[in-house]
Amino acid sequence: MKKYNVSIFVPHEGCPNNCSFCNQKSISGKSTLPTEKDVIDSCEIAKRTAPSNEGEIAFFGGSFTAIEREYMLKLLKSAYPFVMEGFFKGIRISTRPDCIDREVCEILKSYGVTSVELGCQSMCDDVLAKNLRGHTSSDVEKAVAILREFGFETGLQMMTGLWGSSYEKDIETAKKIIALKPDTVRIYPTVVLENTLLETKYKSGEYEVMSLDETVKLVSELLLMFEENNITVIRTGLHSGGNVEEGYVAGAYHPAFKELCESRIYLKKIREQIKDMSGSIVVKVPKGSLSQAIGQKKSNKEYLESQGFQVKFEEDSSLNKYTVSVRK
Ligand code: SF4
(Lines give C-alpha, C1' and ligand atoms only; values in the text may rest on other atoms or scores of the structure.)
Protein backbone atom coordinates (compact mmCIF):
# COMPACT_ATOMS: atom_id res chain seq x y z
CA MET A 1 0.00 0.00 0.00
CA LYS A 2 1.26 3.49 -0.85
CA LYS A 3 2.84 5.41 2.04
CA TYR A 4 1.73 8.96 2.76
CA ASN A 5 4.51 11.17 4.08
CA VAL A 6 4.00 14.64 5.48
CA SER A 7 6.91 16.94 4.58
CA ILE A 8 7.40 20.09 6.60
CA PHE A 9 10.13 22.44 5.45
CA VAL A 10 12.07 24.37 8.07
CA PRO A 11 14.08 26.59 5.71
CA HIS A 12 17.57 27.61 6.76
CA GLU A 13 16.58 27.57 10.40
CA GLY A 14 19.33 26.48 12.74
CA CYS A 15 22.16 26.67 10.21
CA PRO A 16 25.25 28.17 11.78
CA ASN A 17 26.61 29.19 8.37
CA ASN A 18 25.79 29.55 4.71
CA CYS A 19 27.16 26.61 2.77
CA SER A 20 28.55 27.67 -0.61
CA PHE A 21 25.76 26.04 -2.61
CA CYS A 22 22.76 26.54 -0.37
CA ASN A 23 19.83 28.79 -0.85
CA GLN A 24 17.13 27.06 1.15
CA LYS A 25 14.55 29.53 -0.10
CA SER A 26 15.07 28.26 -3.63
CA ILE A 27 15.15 24.61 -2.63
CA SER A 28 12.01 24.48 -0.55
CA GLY A 29 10.06 27.18 -2.35
CA LYS A 30 9.15 28.61 1.05
CA SER A 31 10.77 31.23 3.21
CA THR A 32 8.52 31.34 6.27
CA LEU A 33 8.96 29.06 9.25
CA PRO A 34 6.22 26.54 9.99
CA THR A 35 4.18 27.10 13.14
CA GLU A 36 2.81 24.43 15.47
CA LYS A 37 -0.58 24.94 13.77
CA ASP A 38 1.00 24.33 10.34
CA VAL A 39 2.37 21.01 11.59
CA ILE A 40 -0.95 19.97 13.12
CA ASP A 41 -2.94 21.02 10.02
CA SER A 42 -0.61 19.07 7.68
CA CYS A 43 -0.86 15.96 9.86
CA GLU A 44 -4.66 16.27 10.13
CA ILE A 45 -5.00 16.48 6.34
CA ALA A 46 -2.74 13.45 5.92
CA LYS A 47 -4.68 11.58 8.59
CA ARG A 48 -7.92 12.03 6.66
CA THR A 49 -6.51 11.08 3.27
CA ALA A 50 -3.68 8.66 4.05
CA PRO A 51 -4.27 5.16 2.68
CA SER A 52 -2.14 3.57 5.43
CA ASN A 53 -0.33 4.42 8.64
CA GLU A 54 3.04 3.50 7.17
CA GLY A 55 4.01 7.09 6.38
CA GLU A 56 6.34 9.45 8.24
CA ILE A 57 6.27 13.08 9.32
CA ALA A 58 9.45 14.60 7.87
CA PHE A 59 11.10 17.85 8.94
CA PHE A 60 13.44 18.85 6.14
CA GLY A 61 15.31 21.90 5.02
CA GLY A 62 17.51 23.31 7.73
CA SER A 63 19.51 21.76 10.53
CA PHE A 64 16.75 20.47 12.73
CA THR A 65 18.81 19.66 15.82
CA ALA A 66 20.50 23.06 15.70
CA ILE A 67 17.39 25.18 15.68
CA GLU A 68 16.48 27.11 18.76
CA ARG A 69 15.63 24.39 21.28
CA GLU A 70 12.24 25.76 22.33
CA TYR A 71 11.09 25.99 18.70
CA MET A 72 12.43 22.50 17.91
CA LEU A 73 10.47 21.11 20.85
CA LYS A 74 7.30 22.91 19.74
CA LEU A 75 7.56 21.28 16.31
CA LEU A 76 8.19 17.84 17.78
CA LYS A 77 5.39 18.19 20.34
CA SER A 78 2.96 19.14 17.55
CA ALA A 79 3.87 16.08 15.48
CA TYR A 80 4.37 13.47 18.19
CA PRO A 81 0.67 12.91 19.13
CA PHE A 82 0.00 11.76 15.55
CA VAL A 83 2.72 9.13 15.91
CA MET A 84 1.41 8.11 19.34
CA GLU A 85 -2.09 7.71 17.90
CA GLY A 86 -0.63 5.36 15.29
CA PHE A 87 -1.31 7.48 12.20
CA PHE A 88 2.38 7.61 11.26
CA LYS A 89 5.15 5.16 11.94
CA GLY A 90 7.58 7.89 13.04
CA ILE A 91 9.25 11.23 12.50
CA ARG A 92 12.17 11.82 10.14
CA ILE A 93 14.52 14.78 10.47
CA SER A 94 17.58 16.03 8.62
CA THR A 95 20.47 17.86 10.20
CA ARG A 96 24.19 18.56 10.13
CA PRO A 97 26.74 15.98 11.35
CA ASP A 98 28.21 18.41 13.89
CA CYS A 99 24.79 18.97 15.46
CA ILE A 100 24.35 15.45 16.76
CA ASP A 101 25.19 14.47 20.31
CA ARG A 102 23.73 12.10 22.89
CA GLU A 103 21.67 14.79 24.63
CA VAL A 104 19.79 15.76 21.46
CA CYS A 105 19.38 12.09 20.49
CA GLU A 106 17.64 11.47 23.83
CA ILE A 107 15.17 14.26 22.99
CA LEU A 108 14.58 13.01 19.44
CA LYS A 109 13.99 9.50 20.68
CA SER A 110 11.48 10.64 23.30
CA TYR A 111 9.38 12.47 20.67
CA GLY A 112 9.02 9.67 18.17
CA VAL A 113 11.89 10.42 15.80
CA THR A 114 12.88 7.19 14.07
CA SER A 115 15.06 8.36 11.17
CA VAL A 116 17.86 10.90 11.02
CA GLU A 117 19.52 12.06 7.83
CA LEU A 118 22.85 13.83 7.86
CA GLY A 119 24.02 16.17 5.14
CA CYS A 120 27.61 15.01 4.86
CA GLN A 121 27.95 16.20 1.21
CA SER A 122 31.62 15.16 0.89
CA MET A 123 33.99 13.01 2.91
CA CYS A 124 36.99 15.02 1.69
CA ASP A 125 37.93 17.63 4.28
CA ASP A 126 39.39 20.06 1.73
CA VAL A 127 36.10 20.04 -0.20
CA LEU A 128 34.08 20.54 3.00
CA ALA A 129 36.27 23.49 4.01
CA LYS A 130 36.13 25.12 0.58
CA ASN A 131 32.34 24.94 0.52
CA LEU A 132 32.04 26.45 4.03
CA ARG A 133 30.37 23.40 5.51
CA GLY A 134 31.87 24.06 8.93
CA HIS A 135 32.33 20.37 9.78
CA THR A 136 34.76 17.61 8.91
CA SER A 137 34.48 14.01 7.72
CA SER A 138 35.31 12.87 11.23
CA ASP A 139 32.18 14.71 12.49
CA VAL A 140 30.19 12.50 10.10
CA GLU A 141 31.82 9.34 11.46
CA LYS A 142 31.18 10.37 15.08
CA ALA A 143 27.56 11.34 14.37
CA VAL A 144 26.82 8.05 12.60
CA ALA A 145 28.24 6.11 15.57
CA ILE A 146 25.95 8.01 18.00
CA LEU A 147 22.87 7.59 15.79
CA ARG A 148 23.56 3.84 15.61
CA GLU A 149 23.90 3.70 19.40
CA PHE A 150 20.38 5.16 19.68
CA GLY A 151 18.98 2.84 17.03
CA PHE A 152 17.93 5.53 14.53
CA GLU A 153 17.55 4.63 10.88
CA THR A 154 20.48 6.58 9.47
CA GLY A 155 20.63 8.31 6.12
CA LEU A 156 23.55 10.14 4.54
CA GLN A 157 23.30 12.77 1.85
CA MET A 158 26.19 13.36 -0.54
CA MET A 159 26.76 15.89 -3.29
CA THR A 160 28.73 15.50 -6.50
CA GLY A 161 30.69 18.13 -8.38
CA LEU A 162 31.16 20.52 -5.46
CA TRP A 163 33.70 23.33 -5.70
CA GLY A 164 37.15 21.74 -5.25
CA SER A 165 35.86 18.21 -5.79
CA SER A 166 36.45 15.89 -8.75
CA TYR A 167 35.16 12.65 -10.23
CA GLU A 168 37.73 10.71 -8.17
CA LYS A 169 37.00 12.58 -4.93
CA ASP A 170 33.26 11.92 -5.31
CA ILE A 171 33.96 8.20 -5.78
CA GLU A 172 36.16 8.36 -2.66
CA THR A 173 33.30 9.99 -0.74
CA ALA A 174 30.95 7.18 -1.79
CA LYS A 175 33.48 4.56 -0.63
CA LYS A 176 33.77 6.23 2.77
CA ILE A 177 29.98 6.45 3.05
CA ILE A 178 29.66 2.76 2.19
CA ALA A 179 32.17 1.97 4.95
CA LEU A 180 29.80 3.68 7.42
CA LYS A 181 26.96 1.34 6.35
CA PRO A 182 24.08 3.86 6.35
CA ASP A 183 20.54 2.57 5.81
CA THR A 184 19.86 5.08 3.06
CA VAL A 185 21.68 7.55 0.85
CA ARG A 186 20.64 10.58 -1.19
CA ILE A 187 22.81 11.81 -4.04
CA TYR A 188 22.53 15.45 -5.07
CA PRO A 189 24.56 16.75 -8.01
CA THR A 190 25.62 20.32 -7.30
CA VAL A 191 23.37 22.93 -8.84
CA VAL A 192 24.45 26.56 -8.75
CA LEU A 193 21.60 28.62 -7.35
CA GLU A 194 21.09 32.35 -7.27
CA ASN A 195 22.32 34.23 -4.23
CA THR A 196 24.94 31.70 -3.21
CA LEU A 197 28.72 31.80 -2.94
CA LEU A 198 28.90 29.25 -5.74
CA GLU A 199 27.07 31.65 -8.03
CA THR A 200 29.81 34.24 -7.42
CA LYS A 201 32.59 31.69 -7.92
CA TYR A 202 30.93 30.32 -11.05
CA LYS A 203 30.45 33.77 -12.55
CA SER A 204 34.05 34.77 -11.76
CA GLY A 205 35.30 31.59 -13.42
CA GLU A 206 36.82 30.14 -10.22
CA TYR A 207 34.33 27.28 -10.22
CA GLU A 208 33.49 25.14 -13.23
CA VAL A 209 30.39 22.98 -13.06
CA MET A 210 30.50 19.31 -13.99
CA SER A 211 28.52 18.77 -17.21
CA LEU A 212 25.22 16.90 -17.14
CA ASP A 213 26.71 14.05 -19.18
CA GLU A 214 29.74 13.64 -16.88
CA THR A 215 27.46 13.82 -13.83
CA VAL A 216 25.17 11.13 -15.24
CA LYS A 217 28.24 8.91 -15.82
CA LEU A 218 29.49 9.54 -12.27
CA VAL A 219 26.15 9.10 -10.52
CA SER A 220 25.36 5.92 -12.47
CA GLU A 221 28.64 4.53 -11.09
CA LEU A 222 27.68 5.65 -7.56
CA LEU A 223 24.23 4.04 -7.86
CA LEU A 224 25.86 0.74 -8.76
CA MET A 225 28.32 1.00 -5.87
CA PHE A 226 25.54 1.58 -3.35
CA GLU A 227 23.36 -1.14 -4.87
CA GLU A 228 26.22 -3.65 -4.70
CA ASN A 229 26.61 -2.82 -1.01
CA ASN A 230 22.87 -3.15 -0.26
CA ILE A 231 22.45 0.53 0.55
CA THR A 232 19.16 2.01 -0.62
CA VAL A 233 19.43 5.23 -2.59
CA ILE A 234 16.21 7.06 -1.79
CA ARG A 235 16.81 10.16 -3.88
CA THR A 236 18.99 11.07 -6.84
CA GLY A 237 18.96 14.70 -7.99
CA LEU A 238 17.07 17.72 -6.69
CA HIS A 239 13.28 17.62 -6.77
CA SER A 240 11.77 19.46 -9.68
CA GLY A 241 9.46 22.31 -8.70
CA GLY A 242 10.01 24.08 -5.39
CA ASN A 243 11.41 27.06 -7.32
CA VAL A 244 14.71 25.32 -8.18
CA GLU A 245 14.13 26.09 -11.85
CA GLU A 246 13.57 29.76 -11.00
CA GLY A 247 16.77 30.04 -8.94
CA TYR A 248 18.82 27.91 -11.33
CA VAL A 249 22.10 29.38 -12.60
CA ALA A 250 24.11 26.35 -13.77
CA GLY A 251 24.91 22.71 -13.02
CA ALA A 252 23.64 19.20 -13.60
CA TYR A 253 19.91 19.53 -13.15
CA HIS A 254 17.35 17.48 -15.06
CA PRO A 255 13.78 16.72 -13.94
CA ALA A 256 14.28 13.03 -14.77
CA PHE A 257 17.88 12.82 -13.57
CA LYS A 258 17.63 9.41 -11.90
CA GLU A 259 16.12 7.88 -15.02
CA LEU A 260 19.04 9.24 -17.08
CA CYS A 261 21.49 7.57 -14.69
CA GLU A 262 19.63 4.26 -14.65
CA SER A 263 19.43 4.25 -18.45
CA ARG A 264 23.20 4.71 -18.52
CA ILE A 265 23.61 1.73 -16.19
CA TYR A 266 21.44 -0.50 -18.38
CA LEU A 267 23.26 0.54 -21.56
CA LYS A 268 26.61 -0.24 -19.93
CA LYS A 269 25.37 -3.68 -18.82
CA ILE A 270 23.93 -4.44 -22.26
CA ARG A 271 27.13 -3.39 -24.02
CA GLU A 272 29.15 -5.72 -21.78
CA GLN A 273 27.06 -8.66 -23.03
CA ILE A 274 26.84 -7.91 -26.76
CA LYS A 275 30.53 -7.67 -27.55
CA ASP A 276 30.47 -10.87 -29.62
CA MET A 277 26.91 -10.57 -30.93
CA SER A 278 25.28 -9.10 -34.00
CA GLY A 279 21.83 -9.02 -35.62
CA SER A 280 18.66 -9.64 -33.58
CA ILE A 281 18.91 -9.66 -29.81
CA VAL A 282 16.46 -9.95 -26.93
CA VAL A 283 17.37 -7.88 -23.86
CA LYS A 284 15.75 -9.04 -20.63
CA VAL A 285 15.59 -6.52 -17.80
CA PRO A 286 14.15 -6.56 -14.27
CA LYS A 287 10.42 -6.07 -13.84
CA GLY A 288 9.53 -2.37 -13.81
CA SER A 289 12.75 -1.31 -15.58
CA LEU A 290 11.67 -1.32 -19.23
CA SER A 291 11.57 2.45 -19.69
CA GLN A 292 14.98 2.92 -18.02
CA ALA A 293 16.50 0.12 -20.17
CA ILE A 294 15.04 1.49 -23.40
CA GLY A 295 16.28 4.94 -22.40
CA GLN A 296 14.84 8.45 -22.44
CA LYS A 297 13.30 9.11 -25.83
CA LYS A 298 14.38 5.52 -26.68
CA SER A 299 18.04 6.62 -26.61
CA ASN A 300 19.44 3.18 -25.64
CA LYS A 301 17.30 1.38 -28.24
CA GLU A 302 18.33 3.84 -30.93
CA TYR A 303 21.99 3.55 -29.96
CA LEU A 304 21.84 -0.26 -30.26
CA GLU A 305 20.06 0.02 -33.62
CA SER A 306 22.75 2.44 -34.82
CA GLN A 307 25.27 -0.33 -34.01
CA GLY A 308 23.41 -2.72 -36.34
CA PHE A 309 21.25 -4.58 -33.78
CA GLN A 310 17.54 -5.33 -34.03
CA VAL A 311 16.59 -5.24 -30.39
CA LYS A 312 13.59 -6.37 -28.40
CA PHE A 313 13.26 -5.54 -24.69
CA GLU A 314 11.41 -7.85 -22.29
CA GLU A 315 10.83 -7.85 -18.55
CA ASP A 316 12.08 -10.77 -16.47
CA SER A 317 11.00 -10.88 -12.83
CA SER A 318 13.88 -13.22 -11.92
CA LEU A 319 16.44 -10.50 -12.63
CA ASN A 320 17.79 -8.25 -9.89
CA LYS A 321 17.94 -4.47 -10.12
CA TYR A 322 20.50 -3.20 -12.67
CA THR A 323 21.15 -6.64 -14.17
CA VAL A 324 20.36 -7.68 -17.74
CA SER A 325 20.36 -10.88 -19.72
CA VAL A 326 20.92 -10.66 -23.48
CA ARG A 327 20.35 -13.54 -25.90
CA LYS A 328 20.31 -13.92 -29.66
S1 SF4 B 1 23.68 23.23 6.69
FE2 SF4 B 1 22.25 22.56 5.14
S3 SF4 B 1 20.51 23.92 5.25
FE4 SF4 B 1 22.20 24.88 6.37
S5 SF4 B 1 23.20 26.26 4.92
FE6 SF4 B 1 24.27 24.31 4.84
S7 SF4 B 1 23.24 23.11 3.25
FE8 SF4 B 1 21.90 24.83 3.77
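Where does Leu132 lie? Keep that question in mind as you open the model, which is a predicted one.

**Stop 1: the loop before helix 6**

Select Leu132 and you land in the loop between helix 5 (125-130) and helix 6. Check the backbone there: Leu132 has a positive phi of about 60°, although it is not a glycine. Most residues other than glycine have a negative phi. Leu132 is partly exposed, because 14 other C-beta atoms lie within 10 Å, and a residue has to have 20 or more such neighbours to count as buried.

Now select Thr136, which is placed in the loop between helix 5 and helix 6 as well. Thr136 has 16 other C-beta atoms within 10 Å, so it is partly exposed. Add Cys124 to the selection and draw a distance between the two C-alpha atoms: they are separated by 8.0 Å, with the two residues twelve apart along the chain.

**Stop 2: helix 6**

Move on to residues 137-149, which form helix 6. The 13 residues of this helix should span 18 Å at 1.5 Å a residue, and the end C-alpha atoms are 19 Å apart, which agrees. Color Asp139, Val140, Ala143, Val144 and Leu147, the buried residues of helix 6. Then turn the view to look down the helix axis: the buried residues fall within an arc of 130°, so they line one face of the helix. An α-helix has 3.6 residues a turn, so residues three or four places apart point the same way. For the face turned away from the buried side, pick Ser138, Ala145 and Glu149, which are exposed.

**Stop 3: helix 7**

Next, select residues 167-179, helix 7. Helix 7 also has 13 residues, and its first and last C-alpha atoms are 19 Å apart, close to the 18 Å expected at 1.5 Å a residue. Which residues of helix 7 are buried? They are Asp170, Thr173, Ala174 and Ile177. These cover an arc of only 100° around the axis, which puts them on the same side of helix 7. Glu168 and Ala179 are exposed, on the face turned away from the buried side.

**Stop 4: the seven-stranded sheet**

Switch to a cartoon view and find the open sheet of seven strands, with the order 1-2-3-4-5-6-8 and parallel pairing. Strand 1 (6-9) and strand 8 (232-236) stand at the edges; each has a single partner strand, so one side of each is left without a neighbour in the sheet. From one strand to the next, the twist averages 20°.

For a closer look, select strand 3 (residues 90-95) and strand 4 (residues 113-121), which run parallel and are joined by five bridges. One pair to click on is Ser94 and its bridge partner in strand 4, Glu117.

**Stop 5: the ligand**

Now center on the ligand. Ten residues are around it, and those that come nearest are Cys15, Cys19, Cys22, Gly62 and Arg96. Color the shell by residue type and you should find three nonpolar, six polar and one charged.

**Stop 6: the three-stranded sheet**

How are the strands ordered in the open sheet of three? The order is 11-10-12, and the pairing is mixed. Strand 11 (309-315) and strand 12 (325-327) are at the edges with a single partner strand each, so one side of each is left without a neighbour in the sheet. Neighbouring strands here are turned by 20° against each other on average, direction ignored.

Strand 10 (residues 279-285) runs antiparallel to strand 12, and three bridges join them. Click on Val282 and look across to Arg327 in strand 12, which stands opposite. Strand 10 pairs with strand 11 in the parallel sense, over seven bridges. Here, Val285 has Glu315 of strand 11 as its bridge partner.

**Last stop: Lys298**

Finish at Lys298, in the loop between helix 12 (290-294) and helix 13 (299-306). Lys298 has a positive phi of about 60° although it is not a glycine. Is this residue buried or exposed? Lys298 counts as exposed, because it has 12 C-beta neighbours inside 10 Å.

Conventions
Residues numbered from 1 in each chain as written. Predicted model: local features only at pLDDT ≥ 70, side-chain atom pairs only at ≥ 80, totals over all residues. Pairing = 2+ DSSP bridges. Helix = DSSP H or I, 4+ residues; strand = E, 2+ residues; numbered from the N terminus. Axes fitted to C-alpha atoms, helices over the stretch in contact; angles between N-to-C directions. Near = placed C-beta within 6 Å. Nonpolar A, V, L, I, M, F, W, Y, C, P; charged D, E, K, R; others polar. Expected span 1.5 Å × (residues − 1). Arc of directions from axis to C-beta.
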